[in-house]
Amino acid sequence: MGGECVLSDSGQEAPRSTWFLQGWKASRMFLIKGSVAGGAVYLVYDQELLGPSDKSQAALQKAGEVVPPAMYQFSQYVCQQTGLQIPQLPAPPKIDFPIRDSWNAGIMTVMSALSVAPSKVREYSKEGWEYVKARTK
């Protein structure tokens, strides 16, 4: 055979080209997914979304102004290319609440839960142990 074939999962011989193509397909998908994830991380870093909340709020407001016209232009393009008629959607609701307050409340809740976690685990473990002891008698 001269090393031209490899064993497949079923134990039968498969040509090396098949093995190479399967590996190439898997690595190509990994590269595509990695590129999308890397692009998302770069976008978050570039727009300073993980910085101060006032910058995040400004980025959200900017996105709220840019996305609806872009969606309208895209829908018009799709209509022209396909001949389909897309019904007009209602205007998006105006979202106007302070993100900083919501973010801080969420952080406070998570930190509070994390701070009482060790004592709660001890308490629940003790109750569970007492329950098991009572059932085994």
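**Helix α2 and the pocket beside it: questions on a predicted model**

User: Which residues of α2 are buried?

Analyst: In this predicted model, a residue counts as buried when its relative accessible area is under 20%. By that criterion, the buried residues of α2 are S56, A59, S75 and C79.

User: What fraction of the residues of the protein count as buried?

Analyst: The protein exposes about 12,400 Å², of which carbon and sulfur atoms supply 65%. Of its 137 residues, the share that count as buried is 4%.

User: In what order do the elements of the protein run from the N terminus on?

Analyst: The protein has 3 helices and 2 strands. Read from the N terminus on, these elements run β-β-α-α-α.

User: How many Å does helix α2 reach from its first C-alpha to its last?

Analyst: Helix α2 covers residues 53-82 and has 30 residues, for which a rise of 1.5 Å a residue gives an expected 44 Å. The span in the model is close to that expectation, and from the first C-alpha to the last helix α2 reaches 42 Å.

User: Which residue follows α2, and what is its phi?

Analyst: The helix ends at residue 82, and the residue that comes after α2 has a positive phi. That residue is G83, with phi near 80°.

User: Which residues are closest to the centre of the second largest pocket?

Analyst: The second largest pocket has a volume of about 400 Å³, and 16 residues line it. The lining divides into 12 nonpolar, 4 polar and no charged residues. One of the residues closest to the centre, S75, is also among the buried residues of α2. The full set closest to the centre is M71, Y72, S75, Q88 and L89.

User: Is P87 buried or exposed?

Analyst: P87 lies in the loop between α2 and α3, the latter covering residues 99-136. A residue counts as exposed when its relative accessible area is over 50%. Because the relative accessibility of P87 is 62%, this residue counts as exposed.

User: What distance separates the C-alpha atoms of P87 and S75?

Analyst: P87 belongs to the loop between α2 and α3, whereas S75 is one of the buried residues of α2. The two residues are 12 residues apart along the chain, and their C-alpha atoms are separated by 9.7 Å.

Conventions
Residues are numbered from 1 along each chain as its sequence is written. This is a predicted model: local features need pLDDT of at least 70, side-chain atom pairs count only at pLDDT 80 or more; totals for chains, interfaces and linings use all residues. Side-chain values use heavy atoms; hydrogens and water are left out. Helices (H or I, at least four residues) and strands (E, at least two) are DSSP runs, numbered from the N terminus. The expected span of a helix is 1.5 Å times one less than its number of residues. Buried means under 20% relative accessible area, exposed over 50%, partly exposed in between (1.4 Å probe, protein chains only). On a 1 Å grid over the protein atoms alone, a cavity is a set of points where a 1.4 Å probe fits but cannot get out, and a pocket is an open set with protein on both sides within 12 Å along at least five of seven lines; lining residues have an atom within 4 Å of a point. Grid points are joined across faces, edges and corners, and a volume is the space filled by probe spheres set on the points. Ala, Val, Leu, Ile, Met, Phe, Trp, Tyr, Cys and Pro count as nonpolar, Asp, Glu, Lys and Arg as charged, and the others, Gly among them, as polar. Accessible areas come from the Shrake-Rupley method with a 1.4 Å probe; for residues, only the protein chains shown count as cover.
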